[in-house]
Amino acid sequence: MSETNRTPRTSTEVHRLLDEAFAGIDPTPEAQDLKEEIRDNLLSRVAELEVAGASPTDAARRAIGELGDVRELVAAATGDGADASAGAPRTAGAAAPSTGRGATASELALRNRVRPKPAFVVRTVVLSIVAAAALVLLALGLTPLMPLATGALIALAAVLGLSIGVVTADALRQETTTNYPLPTGRAVAFGAATGTLVASLGFTAVVVWRLELVWLVLAAVLAVAAIAVLSALGATQTNRHKPWVLAMHRDAVEVGNRFEQDPAAAARFGIYSAVIWLTAFALVPVLGFTVGWWWAPLPVVAAFIAMMLVLARMLFGHDSAAKGDAAR
């Protein structure tokens with residue numbers, strides 16, 4: 001089956017299944033942004049499955065199934081601590097939820113691993129080389145070493161800005177291990193503003209060396225417009241982390257609360273630390289006057305290592321002992 005025959009059917013099926021998955025979810029701006037991100041990811045995943053031989057319908061259903069429970073994704077993205085999966089309708093063909101709060105961070109990471117995209121790496125490398133070459137030629141063209149025509153210099157500034165802008169937009173469209181990709185519109189806006197800002201800086205250099213200073217007005221307008229767009233995009237940007245990242249943060253908070261949950265353990269750690277450091281400080285002059293002052297820092301280093309080991313033991317040894325008791 002040709003690509004042209006697959007695409008319309010696939011898109012329609014994905015859109016229908018995605019609308020079903022989001023049925024009943026409040027259409028908040030965060031939920032709508034997440035839906036568009038998921039839509040882009042699903043289309044990419046469906047294309048991969050179709051290339052692997054799956055039919056358009058099966059590919060769409062498998063992609064939706066891999067997504068898991070959309071309500072939990074929305075809850076994680078918006079920071080809603082409620083159990084969003086309760087009573088949630090499942091998408092047709094969806095598998096069991098892959099983002100449950102009971103799963104560990106490593107389990108969630110394995111289920112939702114980011115697939116490498118060699119084409120993205122190639123594009124980034126090529127465009128970065130183009131940008132670097134444009135920057136070098138622009139700099140040399142402004143000097144007597146390799147003087148270039150003013151039009152060529154302006155073109156190099158435009159190439160520099162365009163390359164940086166495309167790299168920026170392309171990078172923001174990529175899914176990472178921590179965040180979902182930005183919606184295409186926002187990624188393109190970020191890239192365009194960044195490219196415009198870089199190009200305006202290059203154009204400023206050309207104006208200073210080759211043109212009338214009145215052209216600085218145009219460079220300033222471009223730079224201010226780019227900064228305004230970037231400021232607006234940054235002010236309205238919402239950070240949506242993946243479920244396993246949120247799970248790691250949650251685990252870290254739980255570990256950090258170990259001493260708050262067990263004041264006696266905190267008191268023991270304080271006493272152990274005091275004994276360790278008093279012993280170390282007592283040994284410093286002893287070593288200094290006996291074997292030489294070059295050896296004096298050793299007790300301090302040993303005390304630091306011992307304190308960290310005690311801290312690790314008190315933070316994580318409790319969990320290991322608890323698991324051992326549970327196993328017995």
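# Close-up views of a predicted all-helix model

**View 1. A nonpolar patch on the surface.** Val214, Trp215, Val217, Leu218, Val221 and Leu222 together make a nonpolar surface patch of about 550 Å². The model shown here and in the other views is predicted. One member of the patch, Val217, sits in helix α9, which covers residues 216-235. Is Val217 buried or exposed? Its relative accessibility is 53%, and a residue counts as exposed when the value is over 50%. Val217 is therefore classed as exposed.

**View 2. The whole chain, for orientation.** The protein contains 13 helices and 0 strands. Its pattern along the sequence is accordingly written with the helix symbol at every position, α-α-α-α-α-α-α-α-α-α-α-α-α. The protein has 328 residues, and 32% of them count as buried.

**View 3. A salt bridge within helix α1.** Searching the whole structure gives 2 salt bridges. Side chains of opposite charge can pair when their charged atoms come close. In this view the side chains of Arg16 and Glu20 form such a bridge, with a distance of 2.7 Å from N to O. How many residues apart are Arg16 and Glu20 in helix α1? They are 4 residues apart in this helix (residues 3-21), so about one helical turn separates them. Arg16 has a relative accessible area of 35% and is partly exposed. Glu20 is also partly exposed, with a relative accessible area of 31%.

**View 4. A salt bridge between helices α6 and α7.** Arg123 and Asp170 form a salt bridge in which the closest N and O atoms are 2.7 Å apart. Arg123 belongs to helix α6 (residues 118-141) and Asp170 to helix α7 (residues 150-172), so the pair ties together parts that lie 47 residues apart in sequence. What is the relative accessible area of each partner? For Arg123 it is 36%, which makes this residue partly exposed. For Asp170 the relative accessible area is 13%. Asp170 is buried because this value falls under the 20% limit.

**View 5. Helices α2 and α3 crossing.** Helix α2 spans residues 29-51 and helix α3 spans residues 56-67. Their axes come within 9 Å and cross at roughly 130°. How do α2 and α3 lie to each other? An angle over 145 degrees would count as roughly antiparallel, and 65 to 115 degrees as roughly perpendicular. The angle of roughly 130° fits neither range, so α2 and α3 are oblique to each other. The crossing of α2 and α3 is right-handed.

**View 6. Helices α8 and α9 crossing.** Helix α8 (residues 184-210) and helix α9 have axes that come within 8 Å and cross at roughly 155°. This angle makes α8 roughly antiparallel to α9. The crossing of α8 and α9 is left-handed. Val217, the patch residue of View 1, is found in α9.

**View 7. Arg45 and Arg115.** Arg45 is placed in helix α2, one of the two helices that cross in View 5. Is Arg45 buried or exposed? With a relative accessibility of 17%, Arg45 counts as buried. How far apart in space are Arg45 and Arg115? Their C-alpha atoms are 9.8 Å apart, while 70 residues separate Arg45 and Arg115 in sequence.

Definitions and conventions:
Residues are numbered from 1 along each chain as its sequence is written. This is a predicted model: local features need pLDDT of at least 70, side-chain atom pairs count only at pLDDT 80 or more; totals for chains, interfaces and linings use all residues. Side-chain values use heavy atoms; hydrogens and water are left out. Patches are made of residues with over 30% relative accessible area and no salt bridge: like charges are joined within 9 Å, nonpolar side chains (Val, Leu, Ile, Met, Phe, Trp, Tyr) within 5 Å. Accessible areas come from the Shrake-Rupley method with a 1.4 Å probe; for residues, only the protein chains shown count as cover. A salt bridge is a side-chain nitrogen of Lys or Arg within 4 Å of a carboxyl oxygen of Asp or Glu. Buried means under 20% relative accessible area, exposed over 50%, partly exposed in between (1.4 Å probe, protein chains only). Axes are lines fitted to C-alpha atoms, for helices over the stretch in contact, and angles run from 0 to 180 degrees between N-to-C directions. Angles under 35 degrees count as roughly parallel, over 145 as roughly antiparallel, 65 to 115 as roughly perpendicular and the rest as oblique. A crossing is left-handed if the near helix is turned anticlockwise from the far one by less than a right angle, and right-handed if clockwise.
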